[in-house]
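Got your viewer open? Let's take a walk through this chain together, one selection at a time.

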Amino acid sequence: MALQLHPIASHLHKPPFMTMSRPHNQQLRSRSFSTRLMASPVSNSPLLSPSKEVLKEKKPYMPPREVHVQKMHTMPPQKLEIFKSLEPWAEQNLLTFLKPVEKSWQPQDFLPDPASEGFHDQVEELRQRTKELPDDYFVVLVGDMITEEALPTYQTMLNTLDGVRDETGASPTSWAIWTRAWTAEENRHGDLLNKYLYLCGRVDMRQIEKTIQYLIGSGMDPGTENNPYLGFIYTSFQERATFISHGNTARLAKEHGDLKLAQICGTIAADEKRHETAYTKIVEKLFEIDPDGTMLCLEDMMRKKVSMPAHLMYDGTDDNLFENYSSVAQRIGVYTARDYADILEFLVQQWKVADMTGLSSEAQRAQDYVCKLAPRIRKLEERAQARAKESTLRPFSWIFGRELKVNFE
């Protein structure tokens, strides 16, 4: 993956959408108490034999960590009133994007019916269809599914945002209702892809399940700083990114002859598009109410680069799993550095950023930066692609250790 807006020492090919915040899990492994005891001159005495509990001294779980300075609660307190005043607006303009449960699709609508006498035949038909799908495709589909399965992290992230969080877990505010219902709709995506991949028999489900557990345990810090301005800009970008990614996996599934999987990915993409529209409307409203503040936050988010929510992905063996997965996604055209630039350009046009007038001098500078950023990203990507002529093979535990080509600079 080729694009870097800021020089980062790395042997991998990294555009902004896959910028990692996680270092390798390097731990200083000191000798444990039990080892020191066994090595002491008197340790062989029966009276001093260490217990099994001592020998099995437990080490605390240490998930991959964010390495940037984590800022918190950066929105000025007086702006909390903006989001309180927007409660009626959110009810009328945000909650309308949610679908009633009784009218919503469910994962079982697309899967073999386990209560049917023809269940085994349906599963065999599914397995026959997926035989035509290449390993590259499965790695990307698995990565997308794992990203969807880390949904608890994303709900947690939304509930860090000042002024819009669900304060009780069942708050009746419009913002809280949206977060819970959005989560409930998104929950179906990971469920459906997980079951489909389980039934196809082409992937190592235990390794995938480990990756999901690692990822949820690691969390994420997208740099939103408890600030709903930053948070809703981030979600606007991310929903469009997932819309593009699932749309492309649908296209490729169709090309390889699995029309049912194409339908599944296309259905998920449609959900992401609806959610994208909701989040972009929130930012559109913030531009209307507070153009200076929103412009500065848009600049801030783009200078930091929008990191993908699964950037702390780990399977227990590959410290560069996210980069490797992202490199495959770029190579087969599911999500690329060019898509990152296209999303930014789309949002700039959607929010009419270039047309805004009456801004403060600081906001005007932010406006100029944001409007020029997408072409700059494309130029950097073209240069990086010209340099990216080397590749290597990397094993993926999700497909039983089989190797795939990963690009390097």
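Start at helix α9: the exposed residues Arg 206 and Gln 213 sit on the face turned away from the helix's buried side. Two terms already need pinning down: buried means under 20% relative accessible area, exposed means over 50%, and partly exposed is in between (1.4 Å probe, protein chains only). Helices (H or I, at least four residues) and strands (E, at least two) are DSSP runs, numbered from the N terminus.

Before going on, a word on what you're looking at. This is a predicted model, where local features need pLDDT of at least 70 and side-chain atom pairs count only at pLDDT 80 or more, while totals for chains, interfaces and linings use all residues. Residues are numbered from 1 along each chain as its sequence is written, and side-chain values use heavy atoms, with hydrogens and water left out.

**Stop 1: the rest of α9**

Select residues 205-218 to see all of helix α9. Its 14 residues reach 20 Å from first C-alpha to last, close to the 20 Å expected at 1.5 Å a residue (the expected span is 1.5 Å times one less than the number of residues). Now colour the buried ones: Met 205, Gln 207, Ile 208, Thr 211, Ile 212, Leu 215 and Ser 218. They cover an arc of only 160° around the axis, so they lie on the same side of α9; the arc is that of the directions from the helix axis to the C-beta atoms. An α-helix has 3.6 residues a turn, so residues three or four places apart point the same way. Which helices do the buried residues of α9 pack against? Show α6, α7, α8 and α13, and you have them.

**Stop 2: Trp 178 and Ser 174 in α8**

Jump to Trp 178, which is found in helix α8. Is Trp 178 buried or exposed? It's buried, with a relative accessible area of 1%. Leave aside neighbours within four places in sequence, and Trp 178 is in contact (heavy atoms within 4.5 Å) with Leu 94, Leu 95, Phe 97, Leu 98, His 275, Ala 278 and Tyr 279. Try a distance label to Leu 95: the C-alpha atoms of Trp 178 and Leu 95 are 6.1 Å apart, though the two residues are 83 apart in sequence.

Now click on Ser 174, which also has its place in helix α8. Ser 174 is buried too, at 6% relative accessible area. Beyond four places in sequence, its contacts are Glu 87, Ala 90, Glu 91 and Leu 95.

**Stop 3: Thr 147 in α6**

Next, pick Thr 147 in helix α6. Thr 147 is buried, with a relative accessible area of 13%. Not counting residues up to four places away in sequence, Thr 147 touches Tyr 154, Pro 309, Ala 310, Met 313 and Tyr 325.

**Stop 4: salt bridges**

How many salt bridges does the structure hold? There are 23, each one a side-chain nitrogen of Lys or Arg within 4 Å of a carboxyl oxygen of Asp or Glu.

Show Arg 331 and Asp 136: their closest N and O atoms are 2.5 Å apart. Arg 331 lies in helix α13 (residues 321-331) and Asp 136 in helix α6 (residues 135-149), so this pair ties together parts that are 195 residues apart in sequence. Arg 331 is partly exposed at 29% relative accessibility, whereas Asp 136 is buried at 18%.

Then select Asp 166 and Arg 180, a salt bridge at 2.7 Å, N to O. Asp 166 is in the loop between α7 (151-158) and α8 (174-200), and Arg 180 is in helix α8, so the pair ties together parts 14 residues apart in sequence. Asp 166 is buried, at 11%; Arg 180 is partly exposed, at 28%.

Finally, Glu 276 and Arg 240 meet in a salt bridge at 3.1 Å, N to O. This pair links helix α11 (residues 259-289), home of Glu 276, with helix α10 (residues 228-255), home of Arg 240, 36 residues apart. Both residues are buried. For a last click here, select Glu 185, Arg 188, Asp 271 and Arg 274, which salt bridges with shared partners join into one network.

**Stop 5: zoom out**

Switch to a cartoon view: the chain has 15 helices and two strands. Of its 409 residues, 54% count as buried.

Last, colour by pLDDT, the predictor's confidence in each residue, from 0 to 100. The chain's mean is 88, and 85% of its residues reach 70 or more. Residues 1-48 stay under 50. Where pLDDT is low, the predicted coordinates should not be read in detail.
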